[in-house]
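Here's a quick back-and-forth on how the terms get applied. Have a look at the model, then read on.

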Amino acid sequence: MSLLAPEAVSRRAAAARRAVVFTGAGISQESGLGTFRDADGLWSRFRPEDLATPEAFARDPERVTSWYIERFEQARRAEPNAGHRAIASWERWFPSLVVVTQNVDRLHHRSGSSDVLELHGTLWTWRCARCGAKRDAAALPEQRPPACVCGGIFRPDVVWFGETLPLAEFDRAAAECRRADLFVVVGTSATVWPAAGLIETAAAGGALIVEVNPEATPLSGAAACVLRGPAGEMLPRWSREIERWRSPA
Ligand code: APR
């Protein structure tokens, strides 16, 4: 079988000390969770302005919270795939490996990744929109929308359009991207900011940029190497190629 990535790229990746893996919905597609902007993506069936904005929540909290509870249930039933597991396995190679994800499904955590920055929050914890009280998604009150004892309504701990990203996570992600020597972009359309801006931060820091995506994205031209296929297939295969150039510990 021919090499997936040019030898020089895999050699450089094998010698990396600080790696950042930046992921989007595509890495969870093979776990059965839909992406957003693909032909059959969530935004082809639902309008983001009806479900993923603070205004939508204020307008129709029952519809919004029911939709996110359904997405939480899907994420809870889903299992990490070979792509998630390959990334988690890289922790034995790189002294520093940080996963910077736009995903809210916690599949990176469940596949064993120990250093994950969730830029867009998570479906697994919710907070009261009035008093801020936190609650695990699996322990939300039964009624819809889920009400807090203060009279407020619980909302998912995700970042909606028009909301700011969690500052601590974003600042750390930017710092890690600035000093990364390997930056692997997996399963994102690289169109949502400010997260997509991290790619430029890594490039400006001199990182080797590798994209994993079955489709071309605005990033493809700037990547040193593009692995054009599904993450669950490409990442385990590339891992075997990198392994060839890893000097025995
Ligand atoms: N493996 C790798 N990539 C894949 C796969 C796969 N199996 N299947 C699809 N993809 C790619 C698509 O080609 C597309 O480029 O994943 C990308 C998914 O892009 P989006 O649906 O736009 O998802 P994402 O980039 O994560 O969206 C960013 O937008 O809607 C908001 O908050 C939401 O975090 C999300 C953000």
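A polar contact is a pair of N or O atoms within 3.5 Å; within protein, one must be able to donate a hydrogen and the other to accept it, and residues adjacent in sequence count only if both atoms are side-chain atoms. This is a predicted model, where local features need pLDDT of at least 70 and side-chain atom pairs count only at pLDDT 80 or more, while totals for chains, interfaces and linings use all residues. Residues are numbered from 1 along each chain as its sequence is written, and side-chain values use heavy atoms, with hydrogens and water left out.

Q: What makes Thr188 a polar contact of the ligand?
A: An N or O atom in the Thr188 side chain sits 2.6 Å from a ligand oxygen atom, and the cut-off is 3.5 Å, so the pair counts.

Q: Which backbone atom lies 3.3 Å from an oxygen atom of the ligand?
A: That's a polar backbone atom of Gly187. Gln29 joins in too, with a polar side-chain atom 2.9 Å from a ligand nitrogen.

Q: Why is the ligand said to lie between domain 1 and domain 2?
A: Because both domains (bounds from an automatic or database domain assignment) give residues to the shell around the ligand.

Q: How many residues surround the ligand?
A: There are 22, with a heavy atom within 4 Å as the test; Phe36 and Asn213 are among the closest.

Q: How many salt bridges does the rule find across the interface of domain 1 and domain 2?
A: Zero; one would need a side-chain nitrogen of Lys or Arg within 4 Å of a carboxyl oxygen of Asp or Glu.
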